[in-house]
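This briefing looks at a predicted model. The points that follow are grouped by topic, beginning with a charged pair and moving on to the packing of the interior.

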Amino acid sequence: MKLRDNGRIFVVFYMAGFLMGVLYANVISKDYIAAMGIFDEYFLYNYVQADLEVQEYLWYLFRVRCLPVAALFAAGYLKIRKGVALMSVAWTGFLCGTLLTASVMKLGVKGIFLCLVAGFPQLIFYAAGIFILIWTMYYYPSTKWNSQKIMALFLLIGIGIISECYVNPPLLKMFLKRI
């Protein structure tokens, strides 16, 4: 029962961030979203036609994904670790709300499916790794780092990067060819 009660704070912060992201996308940046090209059909068509340099993409993903994880891990050693953990959850919700709203504004219901396919399977691994990190930060000192948690974090983020590099692009291209 304790896990269920303790996990509610993360859901509340995530959903508050998600709502703020939806409001931001609909009210504040509506014109910007209408002009952006990531959900533009021309951009998506060119993505399907492009060949991916896997080695360069792998190193790019490694840098882009590991830097925020390392910064969050380092913030776990600050006195404000609980606040950082909750703000990270809220920020993730904000980004998801903004992204999903932008995709729906540009592509309709197809945009939701595009976001789901674009995040599969790597988001499963990233979410699990970040969840370990944030849970440990928030519940410190009753939950402390140990070698199993560190190895799980590195393994999950690593599998996420590899799946984003090798598994996701073909899945995304197959989906884009069908819409």
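**The salt bridge and its surroundings**

E164 is buried, its relative accessible area being 6%, and it forms a salt bridge with R65 in which the closest N and O atoms are 2.6 Å apart.

- R65, by contrast with a buried residue, counts as partly exposed, because its relative accessibility is 29% and the partly exposed class lies between 20% and 50%.
- The pair links distant parts of the chain, since E164 belongs to helix 8 and R65 to helix 4, with their positions 99 residues apart.
- The count of salt bridges in this predicted model comes to 1.

**S163 in helix 8**

- S163, which lies in helix 8, is buried at a relative accessible area of 6%.
- The side chain of S163 reaches the backbone oxygen of G160 at 3.0 Å.
- When neighbours within four places in sequence are left aside, S163 is in contact with P121, Q122, F125 and N168.

**Nonpolar cores**

- The largest nonpolar core has 21 residues, and F10 and M137 are the ones that touch the most other members.
- At least two residues of this core come from each of helix 4 (54–75), helix 5 (81–107), helix 7 (122–138) and helix 8 (147–166), and helix 7 gives the most, with 6 residues.
- Leaving aside neighbours within four places in sequence, M137 is in contact with L72, A75, G76, R81, V84 and A85.
- Another core, of 13 residues, lies apart from the largest one and includes V48, A102, L107 and C115.

How values were computed
Residues numbered from 1 in each chain as written. Predicted model: local features only at pLDDT ≥ 70, side-chain atom pairs only at ≥ 80, totals over all residues. Heavy atoms only, no water. Core = buried A, V, L, I, M, F, W, Y, C linked by side-chain atoms within 4.5 Å. Buried < 20%, exposed > 50% of the residue type's maximum accessible area, 1.4 Å probe, protein only. Helix = DSSP H or I, 4+ residues; strand = E, 2+ residues; numbered from the N terminus. Contact = heavy atoms within 4.5 Å. Polar contact = N/O pair within 3.5 Å; in protein donor to acceptor, adjacent residues only side chain to side chain. Salt bridge = Lys/Arg side-chain N within 4 Å of Asp/Glu carboxyl O.
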